[in-house]
Amino acid sequence: MAVPKRKISKARRDKRRSSVWKLEMPSLSKCPQCSAFKLSHRVCPECGYYNGKQVVKKEA
């Protein structure tokens, strides 16, 4: 049965348990068509454009 050879210090244990390593919220970019904020590499939820082309038809 595997048993730790040395005691892990409280600092090392707490460093592992802290939230320092967690991911950050994805950054938002402005849509070139309508200037609304959207996630990168995704269709704009406001106007339906992606990469300069209308992908989703939105009603006005």
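Which side chain of opposite charge is nearest to Lys-38, and how far away is it? Keep that in mind while you go through these points.

1. **What you are looking at.** This is a predicted model, so start with the confidence. The chain's average pLDDT is 89, and 98% of its residues reach at least 70. Helix 1 has the lowest confidence, with a mean of 90, while strand 2 (residues 37-39) has the highest, at 95. A general habit worth picking up: where pLDDT is low, don't read the predicted coordinates in detail.

2. **Lys-38, the opening puzzle.** You'll find Lys-38 in strand 2. The answer to the question is Glu-46, and it sits 12 Å away. Lys-38 is buried, yet it has no salt bridge. Its side chain does have some polar company, though: one of its polar atoms is 3.3 Å from the backbone oxygen of Arg-42.

3. **The salt bridge.** How many salt bridges does the structure hold? Just one. It joins the side chains of Arg-13 and Asp-14, with 3.0 Å from N to O. Asp-14 counts as partly exposed because its relative accessibility is 38%. Arg-13 is also partly exposed, at 29%.

4. **A nonpolar patch on the surface.** Have a look at Met-25, Leu-28, Phe-37 and Leu-39: these form a nonpolar surface patch, and together they have about 440 Å² of accessible area. One of them, Met-25, belongs to the loop that runs between helix 1 (10-17) and strand 1 (28-30). Is Met-25 buried or exposed? It counts as exposed, because its relative accessibility is 69%. If you want a distance to check on screen, try Met-25 and Ala-36: they are eleven residues apart along the chain, and their C-alpha atoms are 18 Å apart.

5. **Two phi angles to check.** Most residues other than glycine have a negative phi. Now look at Ser-35, which is not a glycine but has a positive phi of about 65°. Ser-35 is in the loop between strand 1 and strand 2, and with 45% relative accessibility it is partly exposed. His-41 also has a positive phi, near 60°. You'll find His-41 in the loop between strand 2 and strand 3 (49-50). This residue counts as exposed because its relative accessible area is 68%.

Definitions and conventions:
Residues are numbered from 1 along each chain as its sequence is written. This is a predicted model: local features need pLDDT of at least 70, side-chain atom pairs count only at pLDDT 80 or more; totals for chains, interfaces and linings use all residues. Side-chain values use heavy atoms; hydrogens and water are left out. Patches are made of residues with over 30% relative accessible area and no salt bridge: like charges are joined within 9 Å, nonpolar side chains (Val, Leu, Ile, Met, Phe, Trp, Tyr) within 5 Å. Accessible areas come from the Shrake-Rupley method with a 1.4 Å probe; for residues, only the protein chains shown count as cover. A salt bridge is a side-chain nitrogen of Lys or Arg within 4 Å of a carboxyl oxygen of Asp or Glu. Helices (H or I, at least four residues) and strands (E, at least two) are DSSP runs, numbered from the N terminus. Buried means under 20% relative accessible area, exposed over 50%, partly exposed in between (1.4 Å probe, protein chains only). pLDDT is the predictor's confidence in each residue, from 0 to 100. Lys and Arg count as positive and Asp and Glu as negative; His and the chain ends are not counted. A polar contact is a pair of N or O atoms within 3.5 Å; within protein, one must be able to donate a hydrogen and the other to accept it, and residues adjacent in sequence count only if both atoms are side-chain atoms.
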